[in-house]
Amino acid sequence: MPATAAGPHGHPPQPGPAPALATPPAAYGGQTPPPWPPSPPTTLPSYGGGGGGDHTWGAQFPPPPPPALPRRRAGGLVAAVLAAALVAGGVGGGIGYWAAERNDSGAGPTTVSAADSPGELQRDPGTVAAVANKALPSVVTIEAKSGGDGFTGQGEGGTGTGFVYDKQGHILTNNHVVASAADGGTLSATFSDGKSYDAEVVGRAQGYDVAVLKLKNAPAGLKPLPLGDSDNVAVGDSTIAIGAPFGLSNTVTTGIISAKNRPVASGDGTGGRNSYMSALQTDASINPGNSGGPLLDARGAVIGINSAIQSSGNGFGQSQAGSIGLGFAIPINQAKTVAQQLIKTGEPVYAVIGATVDMTGRDSGARIADRGAGGTPAVSPDGPAAKAGLKAGDVITKFDGKPVDSGPTLISEIWTHQPGDQVTLTYERDGKERQVTLTLGERKGDS
């Protein structure tokens, strides 16, 4: 069963349950998903803090040994020392920090600090701290505000994340982060140093959930994040996610790649069309507001764009629930191709097979529907599927050797390819398995 997740696309002032998703008939070149199940009720986690913890600011030395006592009291002395050790262990480094701050007098210093020497502490290359320190100046927090309701002039706002794509000031992010401001709204990007710049949408692809912004009056010296190779990522590889969960900018979390090629269909929470991806799954903590931010490998190269989470509620869809360790990122190889197309022409290009598939079936493949949208043929005349001999009722079970268990899985696989690519489809007709080679067609734009 494909994993379907909710896209954490920002942090509106008054979150609430999202409406059911519905996809217009012509949304995907004849591959038409029906309404996706509605999202679970909005749940905001508690952020109540507790005291204690391993705050190891300094290591406290034991006091000088007491003078020798008569041998008959040795047992009591050991018990007293043991009790003192237990108390010291309980309060931990907090006492050491308290004593160091107050410069207690005594026979000698009571604490030793690792930061006594002037200057900033250095971190070894390859550590999470070193990677985060280098990447943070290239990550931005995006504030999106719609154009207003026409009556009060007040627009809805949301927070997301993006990162510097090139030195010309292009910012890569999710479409659902900026969708509310794409028509008449306002966008701003704030860097980790607090400097903020107005931005505009260069292009966006709703199906891929990718958007490219351009900073107005972009500053000199922008440092694009290096892009990795998401095809070479392995399950178990370390990951680092950077974003603004619930508006908390410059937040860094870590994890691993939990799975690859995870078919995910996610909605933007506005009742619009779904986006589909063959995602990288990670257990790095991702929450609403992380969307559009980079998922880095251990070297600091971008391997994905954080886009969706699995909610713990019943059902799927847009949600304000927090991370349960199931986050999904668009592989950077696909996102890079989409970004280049958007920068070049401003509109996305999708690969299609030219057939309408059933989006409700599970575990048995992607069945070509009996009829298309509005009563049109399920297999477009002279389209790729028709030329390959596919017919209504055929059940596609493999795409280039990869198992296909549903319509969303098929679409997510198709969209990892480009128009003109040749692929091998395995399908069943009348109980018999067959194979055919098909050349993918093309559809431009999201309309």
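## Salt bridges

Arg367 has a relative accessible area of 29%, and is therefore classed as partly exposed, between the limits of 20% and 50%. In this predicted model, Arg367 is joined to Asp370 by a salt bridge, with 2.9 Å between the closest N and O atoms. A search of the whole structure finds four such bridges. Side chains of opposite charge can pair when their charged atoms come close.

Another of the bridges joins the side chains of Arg429 and Asp394, with an N to O distance of 2.8 Å. Arg429 belongs to strand 19 (residues 422-429), while Asp394 sits in the loop between helix 6 (384-387) and strand 17 (395-399), so this bridge ties together parts that are 35 residues apart in sequence. Arg429 and Asp394 are both buried.

Glu413 and Lys402 also form a salt bridge, and their closest N and O atoms are 3.8 Å apart. Glu413 is in helix 7 (residues 407-414) and Lys402 is in strand 18 (residues 402-403); the pair links distant parts of the chain, eleven residues apart. What is the relative accessible area of Glu413, and what is that of Lys402? For Glu413 the value is 6%, so this residue is buried. For Lys402 the value is 35%, so this residue is partly exposed.

## The chain as a whole

The protein chain contains seven helices and 21 strands. Of its 447 residues, 46% are buried. The exposed area comes to about 21500 Å², of which carbon and sulfur atoms supply 52%.

Among contacts in the chain with a separation of 6 or more, 69% are between residues 24 or more positions apart.

## Nonpolar cores

The largest nonpolar core has 56 residues, and Leu172, Leu410 and Leu438 have the most contacts inside it. Helix 5 (residues 332-345) gives the most to this core, contributing five residues. Apart from this core lies another of 17 residues, including Ile142, Ile171, Leu213 and Leu222.

Leu172 has a list of contacts that leaves aside neighbours within four places in sequence. On this list are Gly162, Phe163 and Tyr165, then Val210, Ala211 and Val212. The remaining partners of Leu172 are Gly292, Ile305, Ile332 and Ala339.

## His170 and strand 5

His170 is part of strand 5, which covers residues 170-173. Is His170 buried or exposed? Its relative accessible area is 10%, which is under the 20% limit, so His170 counts as buried. The His170 side chain makes a polar contact of 2.8 Å with the side chain of Asp166.

Beyond its neighbours within four places in sequence, His170 contacts Phe163, Val164 and Tyr165, together with Val202, Val212, Leu213, Lys214 and Ile343. Leu213 in this list is also one of the residues of the 17-residue core.

## Ala199 and strand 7

Ala199 is located in strand 7 (residues 196-205). Its relative accessibility is 8%, and Ala199 is therefore buried. Which residues does Ala199 touch, not counting those up to four places away in sequence? They are Leu187, Ser188, Leu213, Lys214, Leu215 and Lys216.

Ala199 and Leu215 are 16 residues apart along the chain, yet their C-alpha atoms are separated by 4.4 Å. Leu213 and Lys214 appear among the contacts of Ala199 and also among those of His170.

## Helix 3

Helix 3 runs over residues 128-135, and its buried residues are Ala130, Val131, Ala132 and Ala135. Elements that cover these buried residues include strand 3 (139-145) and strand 9 (238-243), as well as strand 10 (251-266) and strand 12 (294-296).

## Loop residues with positive phi

Most residues other than glycine have a negative phi. Asp209 has a positive value, with phi near 60 degrees. Asp209 is placed in the loop between strand 7 and strand 8 (210-215). With a relative accessibility of 3%, Asp209 counts as buried.

Asp400 is not a glycine either, and has a positive phi of about 55 degrees. Where is Asp400 found? Asp400 lies in the loop between strand 17 and strand 18. Its relative accessible area is 36%, so Asp400 is partly exposed.

Terms used: Residues numbered from 1 in each chain as written. Predicted model: local features only at pLDDT ≥ 70, side-chain atom pairs only at ≥ 80, totals over all residues. Heavy atoms only, no water. Helix = DSSP H or I, 4+ residues; strand = E, 2+ residues; numbered from the N terminus. Buried < 20%, exposed > 50% of the residue type's maximum accessible area, 1.4 Å probe, protein only. Contact = heavy atoms within 4.5 Å. Areas by Shrake-Rupley, 256 points an atom, 1.4 Å probe, with all protein chains shown as cover. Polar contact = N/O pair within 3.5 Å; in protein donor to acceptor, adjacent residues only side chain to side chain. Core = buried A, V, L, I, M, F, W, Y, C linked by side-chain atoms within 4.5 Å.
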